[in-house]
2 protein chains.
Amino acid sequence: MGKISLLVMILTICVSCGGKEQNSKNFDSEEMIIRLSEIDIKPEHLEEYISILKEESRASVELEPGVISIYPMQLKENPAQIRILEIYKDRKAYESHLETPHFKHYKTSTLKMVDSLKLIDMNALDSETMPMLFKKIK
Amino acid sequence: MGKISLLVMILTICVSCGGKEQNSKNFDSEEMIIRLSEIDIKPEHLEEYISILKEESRASVELEPGVISIYPMQLKENPAQIRILEIYKDRKAYESHLETPHFKHYKTSTLKMVDSLKLIDMNALDSETMPMLFKKIK
């Protein structure tokens, strides 16, 4: 086998390796459930709440293929105000998330720590942006 | 060259192709600028505003290596309320974003369309979550 044809073959396989990964994450933006959760925590419970939420969001992203993002943030000027960007592949993925042991544990154990909770349903403004982000951070 | 050694060689190159991509996105969570922008648009300008924002967010993600996310959303129950999750690699990337032609065009052309604007600085609750998300959607 000539050196050049070997190189072409290797490059082709390299590219198709990458392609396969990309295609396996072929999310349909129209089906996604996107939510911004605004949660205010009683300051005396903040440390405990954060530890439970951390555990829950990691478990969700790691264990559930349909959880695209559970990305929790704190307001810099008031860390007791939590915002979470939640993105689920589709309604089925969201409903199955609600039935997981890690979500149930989070929900029951933090109930008393929450001062107010607002779940805001969102639409992505550009259905192409999510695949673009995927491509970008790939 | 034997078939097996050729296969091993190809696989090794494949893996190193993937590894190179991953390492090039080695973001430092502590350095990131994370912001949730809350923008209310005058309803009569909404269509035009969305078209300009779409263009701006796509250009930013495509052209600027330091823009990790400009992810615009609309409230389902009131599409004139926009939320954008903006993540920049670091302060330098954010400052350079402000100087781009696409941002300047967005800013000046939409000024009259904006009813209210709130820029909320955030901290990621879990500095490990972003790399985890990268890994997940890779």
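Two strands are taken as paired if DSSP finds at least two bridges between them. Helices (H or I, at least four residues) and strands (E, at least two) are DSSP runs, numbered from the N terminus. The model is predicted, and local features need pLDDT of at least 70, side-chain atom pairs count only at pLDDT 80 or more, and totals for chains, interfaces and linings use all residues. Residues are numbered from 1 along each chain as its sequence is written, and chains are lettered from A and ligands numbered from 1 in the order in which they are written.

In chain B, strand S1 (residues 33-41) and strand S3 (residues 78-88) are antiparallel and share eight bridges. Within this pairing, B:Asp40 has B:Gln81 of S3(B) as its bridge partner. S3(B) is also joined by eight bridges to strand S2 (residues 67-75) of chain B, again in the antiparallel sense. Here B:Ile70 is bridged to B:Glu86 of S3(B), and B:Gln74 has B:Ile82 of S3(B) as its partner. The connection from S2(B) to S3(B) is a hairpin of two residues.

S1(B) pairs in addition with S4(B), antiparallel and over eight bridges. One of the bridge partners in S4(B) is B:Leu119, which is matched with B:Ser37. Pairing also extends between the chains: S2(A) and strand S4 (residues 114-124) of chain B are antiparallel, with three bridges. In S4(B), B:Ala124 stands opposite A:Met73.

Taken in order, the strands S1(A)-S3(A)-S2(A)-S4(B)-S1(B)-S3(B)-S2(B)-S4(A) form a closed barrel of eight strands with antiparallel pairing. On average, and with direction ignored, neighbouring strands of this sheet are turned by 35° against each other. Axes are lines fitted to C-alpha atoms, for helices over the stretch in contact, and angles run from 0 to 180 degrees between N-to-C directions.

Helix H2 (residues 46-63) of chain A packs on the sheet and touches strand S1 (33-41), strand S2 (67-75) and strand S3 (78-88) of chain A. Two residues are counted as in contact if their C-beta atoms, placed from the backbone, lie within 7 Å. The direction of H2(A) makes about 160° with that of S2(A). Helix H3 (residues 91-98) of chain A lies across S1, S2 and S3 of that chain and runs at about 130° to S3(A).

The axes of H2(A) and helix H4 (residues 101-110) of chain A come within 9 Å and cross at roughly 165°. H2(A) is therefore roughly antiparallel to H4(A). For this description, angles under 35 degrees count as roughly parallel, over 145 as roughly antiparallel, 65 to 115 as roughly perpendicular and the rest as oblique. The crossing of H2(A) and H4(A) is left-handed. A crossing is left-handed if the near helix is turned anticlockwise from the far one by less than a right angle, and right-handed if clockwise. On the H2(A) side the contact involves A:Tyr49, A:Ile52, A:Leu53, A:Glu56, A:Ala59 and A:Ser60, and on the H4(A) side A:His102, A:Phe103, A:Tyr106, A:Ser109 and A:Thr110. By class, six nonpolar, four polar and one charged residues take part in the contact of H2(A) with H4(A). Ala, Val, Leu, Ile, Met, Phe, Trp, Tyr, Cys and Pro count as nonpolar, Asp, Glu, Lys and Arg as charged, and the others, Gly among them, as polar.

In chain B, the axes of helix H2 (residues 46-63) and helix H4 (residues 101-110) come within 9 Å, crossing at roughly 165°. H2(B) and H4(B) are thus roughly antiparallel to each other, and H2(B) passes H4(B) in a left-handed crossing. H2(B) contributes B:Tyr49, B:Ile52, B:Leu53, B:Glu56, B:Ala59 and B:Ser60 to the contact, and H4(B) contributes B:His102, B:Phe103, B:Tyr106, B:Ser109 and B:Thr110.

Chain A has five helices and four strands, and from the N terminus its elements run α-β-α-β-β-α-α-β-α. Of the 138 residues in chain A, 22% are buried. A residue is buried if 20 or more other C-beta atoms lie within 10 Å of its own, exposed if 12 or fewer, and partly exposed in between, with C-beta atoms placed from the backbone. Among chain A contacts between residues at least 6 apart in sequence, 72% join residues at least 24 apart.

A:Lys76 is located in the loop between S2 and S3 of chain A. A:Lys76 is partly exposed because 13 other C-beta atoms lie within 10 Å. Apart from its neighbours within four places in sequence, A:Lys76 contacts B:Asp121, B:Met122 and B:Asn123.
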